[in-house]
Amino acid sequence: SSTQEVTTIGQSRSNPDSPAVIPTPPARIGTAVTNEPTPVAPAPVAISIPGLSIDTAVIPVGVDADGQVKIPQDIDRVGWYKFGAKPGSGIGSSVIVGHRDGRNYGKGAFYDLGTLKPGDSIAITTDSGEQLNYLVTGRESIVKKELPVRELFRENGQEVLTLISCSGNYVPGVGYDQN
C-alpha cells in the first residue's frame, strides 16, 4: 500500500525545560568560529498510540527510485523520513509513515490511524531515551494526486508530527486512492 492517511499532531513536550534545537547559522566573515558541536535532536526509535494499541519501532527511511518516501516492508513497523525534521527539534514537520495493511499480511501498524480524534495522545521515544508527547489536532484524507507534499514534508515553521498511512478505496493493482 502506498497511499496514506495524514494525521497532523501538535506537540506538548514531556520536558518543557529541554531547549529547542535550532541549527547554527553558518560562520560569517568577522565572526569567531567555535569548535563546539551544533546540538542535534535525537532520532525517533519508537511510537506509542495508546488509544489504538500501537507500540512499535520507528526506523529511518529515505526515498525510493521514484522519489517517493519508502515505507518499511515490515507492515508492523513504521518509518521516519530521515531527510526531514526530527520530532522534538522545535521546527518543521516530522513525518512518520506506515502501512494500513498488506494483501498477504493483514493489518499493518497504522491500520486504525484514521480513527484518531483531536485530543488523542501519541508518544515518540528518541534514541536518547526521551519521550516526546503529542496530541492529535486534526486528521485529513487527501486524494493521492492532490497531496500537498511541500507542506507535509516542510523543514521550517512550527513543529508538527505528521503520520501518514493508507486511506480511501482500494483499487486492485494500484492501491488505496487516498493518503
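## Accessibility of the ring residues

Is Phe-83 buried, partly exposed or exposed, and what is its relative accessibility? In this predicted model, Phe-83 counts as partly exposed because its relative accessibility is 48%. Tyr-81, by contrast, counts as buried, with a relative accessibility of 16%, and Phe-153 likewise counts as buried, at 18% relative accessibility.

## Aromatic pairs and their cluster

A search of the whole structure finds 3 aromatic pairs. One of these joins Tyr-81 to Phe-83 in an edge-to-face arrangement, in which the ring centres are 5.8 Å apart and the planes form an angle of 75°. Tyr-81 also pairs with Phe-153, again edge-to-face, with 5.3 Å from centre to centre and 85° between the planes.

The pair of Tyr-81 and Phe-153 ties together parts of the sequence that are 72 residues apart, because Tyr-81 lies in strand β4 (residues 78-81), whereas Phe-153 belongs to the loop between α1 (149-152) and β10 (160-165). Taken together, Tyr-81, Phe-83 and Phe-153 form one aromatic cluster, in which Tyr-81 and Phe-153 are the residues that count as buried, while Phe-83 counts as partly exposed.

## A charge over a ring

A further contact with an aromatic ring involves Arg-100, which lies over the face of Tyr-111 at 5.6 Å from the centre of the ring.

How values were computed: Residues are numbered from 1 along each chain as its sequence is written. This is a predicted model: local features need pLDDT of at least 70, side-chain atom pairs count only at pLDDT 80 or more; totals for chains, interfaces and linings use all residues. Side-chain values use heavy atoms; hydrogens and water are left out. Rings of Phe, Tyr and Trp (its six-membered ring) pair if their centres lie within 6.5 Å; planes under 30 degrees apart count as stacked, over 60 as edge-to-face and the rest as tilted. Buried means under 20% relative accessible area, exposed over 50%, partly exposed in between (1.4 Å probe, protein chains only). Helices (H or I, at least four residues) and strands (E, at least two) are DSSP runs, numbered from the N terminus. A charge sits over a ring if NZ of Lys or CZ of Arg is within 6 Å of the ring centre and within 35 degrees of the ring normal.
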